[in-house]
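Me: Could you take a close look at one loop residue for me, and then set it against other parts of the chain? I would like the cut-offs spelled out as you go.

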Amino acid sequence: MTGRFAFLAVFYAALLAGSPLYAGCVNPPGVNGEAIYNADHNVMQFCDGASWISMAASGSATEVDPKVGTLENGKWCSSNGVIITCTEDAPVSGAGGSSGQVQYNTGTGLGGAVAVTYATSGDLLMLISQAATDIPLVIKGAADQTGNLLEIRDSDDTPLVTVSFAGVIGGSGASLTSLNADSLANGTIPDARFPATLPASSGANLTALNAGNISSGTVATARLGSGTANSSTYLRGDGAWTSVSAGTTLPDCADGQIVVRLDGGWVCKNQFTWVCSVTWTQRTGAGSRIWFDIASSSDGAKLAAVVRGGYIYTSSDGGATWTARTSAGSWEWIAIASSSDGVKLAAVNDSDDYIYTSSDSGATWTARTSAGSRRWSGIASSSDGVKLAAGVYGGYIYTSDDFGMTWTEQTAAGSREWLYIASSSDGSKLAAATARSFGYIYTSSDSGATWTARTGAGSRRWKAIASSSDGVKLAAGVYNGYIYTSSDSGATWTEQAGAGSRVWYRIASSSDGSKLAATGVGGYIYTSSDSGATWTEQSGAGSRTWYRIASSSDGSKLAAAVYNGYIYTGATTCDFFE
């Protein structure tokens, strides 16, 4: 066996000695004649001793490591050190234009234009207009341009002049020393830029001068009208200074007398007194009933009254005729409120029932169940009827800002024996009083959200409260006591003893709070025209069990209800008496 192997060794050594030597392939490593399958390019390759050669059929060979990129006919080639591409135009053979002109690409070569020139002597780039209509330089921004279109900077790179994308030029303008004022088409020149003394001017062009802009100085009388202005002339409405014509000579009255024109002449009279009186009319159309409350529109034409153990009644002619509104039912009605136009009404009873509202002057009624069934004791309305406030006897105050559709329980004032509540015309200011037990008056300035106990009037058995339309003036009555008034929304109170100490049951107020009317049990109606300072006993309506009273906004029309009696209306007339 040893001889056989020795023979093979000599045989292979002779073969190797007679064959040329080749270097192997790299990437991947291989020897001459070795074949592999390139999975990346899906082709067979063999090593020729230096490179891997594709064995693909003729016409479908793919170069594995191409060194030539895109080739375009007629284009110049260039290389980036890795691959050669032939896509560029042939370089221009020579410069275009004349000496000093800035070169630009014409698409087929280089060109130059006189309009863009570089002056080597001053290192200046010049844009030279060739015609009057030329625009030497155009700077065009992008469609969404937000930065400046142009900035001129100093050597420290600080912008001296800017042009924003909106075309606004920025800069101090300190060098604009020769600016012509005729070039200022708009804007305002500061006062400091005017001289202290302006030159004389006729002012003929001041044709639209507003007199309100003349803050000082005196206008000459000759400028006010034609004619001569002196102590014996006056300026007529037609702009003419006119002498006072001779007229009727007024009599020379004695001290304390006044001059009055009577029967076409002027006479002296002793001091006149302005006296107002109320004429009362018994309204039998609604019958004699246990009337418990009454409300009025601002003009006094529309009235609404409730009967204890009966129906609601309404009138649209100031109480002359009445209609029983049965749709709300027969209840122990206790209070009713009205909008200023008398269209929106709200009524409550203390029969553990609901609040009822009407939007057609009482023709139809809706039970508002969202506030619950309770012993309602009082209700008040804003002038538009939208905001309502109601009190519960032995409970809380409830408010609504949507004509009773929804209600909010206002607990800030506590659970009390609420009986009376009053509202400003906008419904923001409220005033409420307790009845059966001693307590304070409570006020709110945010439609009932928060409340303040007004201790200035003391803790009393309050039986009535009324408010002016702005909620500033208040008036309240005490059961077996006096009337109290406030002119600061309840912060302070004044005891008004002029009407006496009585069993006050209701107070009505004019919109300005100057005219008041009060009713009490077993007595007369009392009125005041000076916010409660003085009072007048209205004996014309008689002494009765007056329960409630309502007033028109100007206080000239009143409507009062008698417990177990009739409704009375009053019309106020005023006159001078010597």
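Reply: Asp 352 lies in the loop between strand 23 (345–349) and strand 24 (355–358), where a strand is a DSSP run of E with at least two residues and a helix a run of H or I with at least four, both numbered from the N terminus. The model is predicted, and local features need pLDDT of at least 70, side-chain atom pairs count only at pLDDT 80 or more, and totals for chains, interfaces and linings use all residues. Residues are numbered from 1 along each chain as its sequence is written, and side-chain values use heavy atoms, with hydrogens and water left out.

What draws attention to Asp 352 is its backbone: phi is near 55°, a positive value in a residue other than glycine. Asp 352 counts as partly exposed because its relative accessibility is 47%, the classes being buried under 20%, exposed over 50% and partly exposed in between, for a 1.4 Å probe and protein chains only. A positive phi also occurs at Ser 531, where the angle is near 60° and the residue is again not a glycine; Ser 531 sits in the loop between strand 40 (525–528) and strand 41 (536–538). A further backbone feature is found between Asn 27 and Pro 28, which are joined by a cis peptide bond with omega of about 5°, and Pro 28 belongs to the loop between helix 1 (2–18) and strand 1.

As for the setting of these loops, the protein chain has 1 helix and 44 strands, and 33% of its 578 residues are buried. Of the contacts (heavy atoms within 4.5 Å) between residues at least 6 apart in sequence, 37% join residues at least 24 apart. The accessible surface, from the Shrake-Rupley method with a 1.4 Å probe and, for residues, with only the protein chains shown as cover, comes to about 33,500 Å², and carbon and sulfur atoms account for 52% of that area.

Following the chain on from Pro 28, one comes to an open sheet of 3 strands in the order 1-2-3 with antiparallel pairing, two strands being paired if DSSP finds at least two bridges between them. Strand 1 (35–38) and strand 3 (52–54) stand at its edges with a single partner strand each, so one side of each has no neighbour in the sheet. Neighbouring strands of this sheet are turned by 35° against each other on average, direction ignored. Strand 2 (residues 43–47) is joined to strand 3 by 3 bridges, and Gln 45 has Ser 54 of strand 3 as its bridge partner.

Another open sheet of 3 strands has the order 10-11-12 and antiparallel pairing, and its edge strands, strand 10 and strand 12 (169–170), pair on one side only. Between strand 10 and strand 11 there are 4 bridges in the antiparallel sense, with Leu 150 standing opposite Val 163 of strand 11. Leu 150 also helps to make a nonpolar surface patch of about 620 Å², together with Leu 137, Ile 139, Ile 152, Leu 160, Val 161 and Ile 169. Strand 10 (150–153) and strand 11 (159–163) each supply at least two residues of that patch, whereas Leu 137 lies in the loop between strand 9 (124–127) and strand 10 and is exposed, with a relative accessible area of 53%.

The picture is unlike that patch in strand 20 (residues 312–315), where Ile 312 and Thr 314 point one way, Tyr 313 and Ser 315 point the other way, and all are buried. Strand 20 is joined to strand 19 (residues 303–310) by 4 antiparallel bridges and by a hairpin through 1 residue, while its antiparallel pairing with strand 21 (residues 323–325) has 3 bridges. Ile 312 takes part in both pairings, standing opposite Val 306 and having Arg 325 as its bridge partner in strand 21.

A last point of reference is Thr 434, in strand 31 (residues 430–434), which counts as buried because its relative accessibility is 4%. Thr 434 and Leu 419 are 15 residues apart in sequence, yet 5.5 Å apart in space from C-alpha to C-alpha. Leaving aside residues up to four places away in sequence, Thr 434 touches several others, among them Arg 416, Trp 418, Tyr 440, Arg 460 and Trp 462.

Technical notes. Axes fitted to C-alpha atoms, helices over the stretch in contact; angles between N-to-C directions. Patch = residues over 30% accessible without salt bridge, like charges linked within 9 Å, V, L, I, M, F, W, Y side chains within 5 Å. Salt bridge = Lys/Arg side-chain N within 4 Å of Asp/Glu carboxyl O.
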